[in-house]
Amino acid sequence: IPVVTFLTPQKGTQLNYTMSGKGKGKGGRGKGKAVKATTRSARAGLQFPVGRISRFLRRGRYATRVGGGAPVYLAAVLEYLTAE
């Protein structure tokens, strides 16, 4: 089994990787169980659609780049204002 050594930025430390061609998975025994995708709204505990707000921010040309937390924050603010 070939071993590849990478030097890390820290002095004197190195990482060894064995290239066996197989990961740490099940070794090719079926596909396994499908994991249900969780939405960003569910992760943030919100009812408002974070993905849709993100899409509107990107396609609305408000800025050249939109961060990952911006649509979550905006969805939380809009949800708070509608609850009031």
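Select S54 first, and display its neighbours: beyond residues up to four places away in sequence, S54 touches R40 and P71. The model on screen is a predicted one. S54 belongs to helix α2, which covers residues 50-59. Is S54 buried or exposed? With a relative accessible area of 6%, S54 is buried, since that value falls under the 20% limit.

**The whole chain**

Now zoom out and colour by secondary structure. Three helices and two strands make up the assigned elements of the chain, and their order along the sequence is β-β-α-α-α. Switch to colouring by confidence. The average pLDDT of the chain is 82, and 65% of the residues score at least 70. Confidence is lowest in strand β1 (residues 3-7), where the mean is 58, and highest in α3, where the mean is 97. Where pLDDT is low, the predicted coordinates should not be read in detail.

A surface representation adds the overall figures. About 7800 Å² of the chain is exposed, and carbon and sulfur atoms supply 57% of that area. Of the 84 residues, 12% count as buried. Among contacts with a separation of 6 or more, 24% are between residues 24 or more positions apart.

**The nonpolar core**

Select L46, V50, I53, L57 and A75 and show their side chains. These five residues constitute the largest nonpolar core. Which element gives the most to this core? Helix α2 does, with three residues. In soluble globular proteins, nonpolar side chains tend to be buried together.

Keep V50 selected and expand to its contacts. Leaving aside residues up to four places away in sequence, V50 touches R40, S41, P71, V72 and A75. R40 and P71 are also the residues that S54 touches under that exclusion.

**Helix α1 and S41**

Move next to S41, in helix α1 (residues 40-44). S41 has a relative accessible area of 10% and is therefore buried, the limit being 20%. Show its partners: apart from residues up to four places away in sequence, S41 touches L46, F48, P49 and V50. Of these partners, L46 and V50 are members of the nonpolar core.

**The loop between α2 and α3**

Follow the chain out of α2 and select R61, which lies in the loop between α2 and α3. Its relative accessibility is 73%, so R61 counts as exposed. Inspect the backbone here: the phi of R61 is near 55°, a positive value in a residue other than glycine. Most residues other than glycine have a negative phi.

Further along, select G67, also placed in the loop between α2 and α3. G67 is partly exposed, because its relative accessible area of 43% lies between the 20% and 50% limits. Draw a distance from G67 to S54, C-alpha to C-alpha: the two are 9.1 Å apart in space and 13 residues apart in sequence.

**The surface patch**

Finish at helix α3. Select Y73, L74, V77, L78, Y80 and L81, and return to the surface view. Together they form a nonpolar patch on the surface, with about 600 Å² of accessible area. L74 is a convenient residue on which to centre the view; helix α3, in which L74 is found, spans residues 70-83. How exposed is L74? Its relative accessible area is 31%, so L74 is partly exposed.

Terms used: Residues are numbered from 1 along each chain as its sequence is written. This is a predicted model: local features need pLDDT of at least 70, side-chain atom pairs count only at pLDDT 80 or more; totals for chains, interfaces and linings use all residues. Side-chain values use heavy atoms; hydrogens and water are left out. Patches are made of residues with over 30% relative accessible area and no salt bridge: like charges are joined within 9 Å, nonpolar side chains (Val, Leu, Ile, Met, Phe, Trp, Tyr) within 5 Å. Accessible areas come from the Shrake-Rupley method with a 1.4 Å probe; for residues, only the protein chains shown count as cover. A salt bridge is a side-chain nitrogen of Lys or Arg within 4 Å of a carboxyl oxygen of Asp or Glu. Helices (H or I, at least four residues) and strands (E, at least two) are DSSP runs, numbered from the N terminus. Buried means under 20% relative accessible area, exposed over 50%, partly exposed in between (1.4 Å probe, protein chains only). pLDDT is the predictor's confidence in each residue, from 0 to 100. Contact means heavy atoms within 4.5 Å. A nonpolar core is a set of buried Ala, Val, Leu, Ile, Met, Phe, Trp, Tyr and Cys residues joined through side-chain atoms within 4.5 Å.
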